[in-house]
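Colleague: Please take a close look at one part of this predicted model. I would like the buried interior, starting from a single charged residue and working outward.

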Amino acid sequence: LTNESGAVCSSAARTSRTSYWRNRRGGISNGLYQSRATRHLYLPIYKKWLRKTIDMEIENTKLGGCVVVKPKTFTDDRGYFMETYRQSWTDSLGDFSSNFVQDNQSFSYYGTIRGLHFQTGKDAQAKLVRVISGKILDIAVDLRNNSPTYGQHVAIELSAENNRQLWIPKGFAHGFSVLSET
């Protein structure tokens, strides 16, 4: 391997040079891209910081088990970082009795209404809904027969700006209306 001046580079020098350019372009510059020889010194510090700082809030709705999840967002001059899901959060989400097995994404134009839909029996699904661009009015209707809130609904505005997510347990119908151009 050679550098710009034609000199032969060792593997360690190549790693350090790559690390330098990643940081110069605005990548993580807190020691995570150090050379392989020193990276292990910074990782425990980073993991400890991550455990302390990344968290989320749970806001109950009037429907039991249906909650608004508000992840913490960390913003700086490069943009933002937010953790949108962590398995350890599931204890706070109530009816989270199964593994997270599917992740879907959709795009809809302004004014689109995705009507109420739901699954029953062994096909019943819980959902964690979020918006990555634009704004929607998200609706969840309680269809659980023995629920004290049977037939009632919640309407929550989700947007790329507020980063809120709606946890909808099994037994609920779900739909939304797109409120923004994007």
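Modeller: A strand here is a DSSP run of E of at least two residues, and strands are numbered from the N terminus. By that rule, Asp 138 lies in strand β7. The model is predicted, so take each distance below as computed from it.

Start with the charge. Asp 138 is buried, yet it has no salt bridge. The nearest side chain of opposite charge belongs to Lys 127, 9.4 Å away. A salt bridge would need a side-chain nitrogen of Lys or Arg within 4 Å of the carboxyl oxygen, so Lys 127 does not qualify. Asp 138 does have a polar partner: its side chain makes a polar contact with the side chain of His 174, at 2.7 Å.

Now its surroundings. Setting aside neighbours within four places in sequence, Asp 138 is in contact with Val 129, Val 154, Ala 155, Ile 156, Leu 158, Leu 166, Ile 168, His 174, Gly 175 and Phe 176. Leu 158 returns the contact. Its own list, with the same neighbours left out, also includes Val 131, Lys 135, Ile 136 and Arg 164.

Next, the core. The largest nonpolar core has 15 residues. Cys 66, Ala 140, Leu 158, Leu 166 and Ile 168 have the most contacts inside it. Four elements give two or more residues each: β7 (135–142), β8 (153–159), β9 (165–168) and β10 (172–178). A second, separate core has five residues, among them Met 56, Val 67, Val 69 and Trp 89. In general, nonpolar side chains tend to be buried together in soluble globular proteins.

Move to β10. Ala 173 is found in this strand. Ala 173 counts as buried because its relative accessibility is 4%, and the cut-off is under 20%. Beyond four places in sequence, Ala 173 touches Leu 116, His 117, Phe 118, Ile 139, Ala 140, Val 141 and Leu 143. Arg 144 is 29 residues from Ala 173 in sequence, with 9.7 Å between their C-alpha atoms.

Last, a loop residue. Ser 108 lies between β4 (79–82) and β5 (113–117). Ser 108 also counts as buried, because its relative accessibility is 10%. A polar contact of 2.9 Å joins its side chain to that of Arg 114. Outside its close sequence neighbours, up to four places away, Ser 108 is in contact with Arg 114, Phe 176 and Val 178. Phe 176 is also among the contacts of Asp 138, which brings us back to the start.

Terms used. Residues numbered from 1 in each chain as written. Predicted model: local features only at pLDDT ≥ 70, side-chain atom pairs only at ≥ 80, totals over all residues. Heavy atoms only, no water. Core = buried A, V, L, I, M, F, W, Y, C linked by side-chain atoms within 4.5 Å. Buried < 20%, exposed > 50% of the residue type's maximum accessible area, 1.4 Å probe, protein only. Contact = heavy atoms within 4.5 Å. Lys, Arg positive; Asp, Glu negative; His and termini not counted. Polar contact = N/O pair within 3.5 Å; in protein donor to acceptor, adjacent residues only side chain to side chain.
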